[in-house]
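Open the model in your viewer and keep the sequence panel visible. The tour goes from one selection to the next and says what is there.

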Amino acid sequence: PCHFITMVQIFLLCAKPSKFSVAVLRSMTHNLYVTLAAMLFPVTNTLIYPGEYSLYWIQHVLIFCLPVYIIYVWGPESMENVSDFSWTLVGKITFGHYHHHFLYPIAELTYVNLNNMLCPDRKSG
């Protein structure tokens with residue numbers, strides 16, 4: 001999930017403010033709870049290569065900081081009103097489709113947990 005958000009943020013860094021890119025920004029910001037969960041409950045026991053642990057934390061901190069930078073550059077009008085929950089719904093539906101129609105079929109075919117978050121630690125039994 002964080003890799004998907006990173007790809008969306010790379011697109012937003014390259015894009016100019018338009019109706020489509022503002023819509024992507026608005027829906028993406030409502031899925032940052034995934035990054036917060038990854039930072040609160042990190043799964044780092046499988047990160048064995050040099051720099052992998054540091055890159056994990058750098059990536060997740062940047063995922064959290066980049067929306068603030070993009071909103072600063074594009075202007076506060078790029079975000080919706082606080083009482084408008086329509087973009088929250090769009091973000092959740094988009095992320096749900098990503099999980100159920102992309103990640104889940106690949107995980108079923110490969111027998112790999114592609115959503116490696118909140119999994120039990122190898123040492124716990």
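Start by selecting Ser 21, which counts as buried at 1% relative accessibility. Buried means under 20% relative accessible area, exposed means over 50%, and partly exposed is in between, with a 1.4 Å probe and protein chains only. Ser 21 sits in helix H2. Leaving aside neighbours within four places in sequence, Ser 21 is in contact with Phe 11, Leu 12, Ala 15, Lys 16 and Trp 74. Contact means heavy atoms within 4.5 Å.

Two notes on how to read these values. This is a predicted model, in which local features need pLDDT of at least 70 and side-chain atom pairs count only at pLDDT 80 or more, while totals for chains, interfaces and linings use all residues. Residues are numbered from 1 along each chain as its sequence is written, and side-chain values use heavy atoms, with hydrogens and water left out.

**The whole chain**

Zoom out and colour by secondary structure. The protein has five helices and zero strands, and from the N terminus on its elements run α-α-α-α-α. Helices (H or I, at least four residues) and strands (E, at least two) are DSSP runs, numbered from the N terminus. Of the 125 residues, 33% count as buried. Among contacts with a separation of 6 or more, 70% are between residues 24 or more positions apart.

Now turn on the surface. The accessible surface comes to about 8600 Å², and 70% of it belongs to carbon and sulfur atoms. Accessible areas come from the Shrake-Rupley method with a 1.4 Å probe, and for residues only the protein chains shown count as cover.

**Helix H2**

Select residues 19–29, which make up helix H2; nine of its 11 residues are buried, so H2 is largely enclosed by the rest of the structure. The buried residues are Ser 21, Val 22, Ala 23, Val 24, Leu 25, Arg 26, Ser 27, Met 28 and Thr 29. Show helix H1 (2–14), H4 and helix H5 (86–110) as well, since the buried residues of H2 pack against these three helices.

**Helix H3**

Next select residues 33–40, helix H3, where Val 34, Thr 35, Ala 37, Ala 38 and Met 39 are buried. What do the buried residues of H3 pack against? They pack against H1, H4 and H5.

Pick out Thr 35 in H3. Thr 35 is buried, with a relative accessible area of 0%. Not counting residues up to four places away in sequence, Thr 35 touches Cys 2, Ile 5, His 60, Ile 63 and Phe 64.

**Two cysteines**

Cys 2, one of the residues that Thr 35 touches, is a useful next stop. Is Cys 2 buried or exposed? Cys 2 is buried, with a relative accessible area of 8%. Then select Cys 14, which is exposed at 65% relative accessibility. A search of the whole structure finds zero disulfides, a disulfide being a pair of cysteine sulfur atoms within 2.5 Å.

**Rings in helix H5**

Show the aromatic side chains. Rings of Phe, Tyr and Trp (its six-membered ring) pair if their centres lie within 6.5 Å; planes under 30 degrees apart count as stacked, over 60 as edge-to-face and the rest as tilted. The count by this rule is seven aromatic pairs. One of them is Phe 95 with Tyr 98, a tilted pair with 6.0 Å centre to centre and 35° between the planes. Both residues lie in H5, three residues apart, about one turn of the helix. An α-helix has 3.6 residues a turn, so residues three or four places apart point the same way.

Phe 95 is buried at 5% relative accessibility, and Tyr 98 is buried at 15%. Tyr 98 also pairs with Phe 102, stacked, at 5.6 Å centre to centre and 20° between the planes. These two also lie in H5, four residues apart. Phe 102 is partly exposed, at 43% relative accessibility. Add Phe 4 to the selection: ring pairs link Phe 4, Phe 95, Tyr 98 and Phe 102 into a cluster.

**A nonpolar patch**

Finish on the surface by selecting Leu 13, Tyr 69, Tyr 72 and Val 73, which make a nonpolar patch of about 480 Å². Patches are made of residues with over 30% relative accessible area and no salt bridge (a side-chain nitrogen of Lys or Arg within 4 Å of a carboxyl oxygen of Asp or Glu). Like charges are joined within 9 Å, and nonpolar side chains (Val, Leu, Ile, Met, Phe, Trp, Tyr) within 5 Å. Helix H4 (residues 52–74) gives the most to the patch, with three residues. Tyr 72 lies in H4 and is exposed, with a relative accessible area of 71%.
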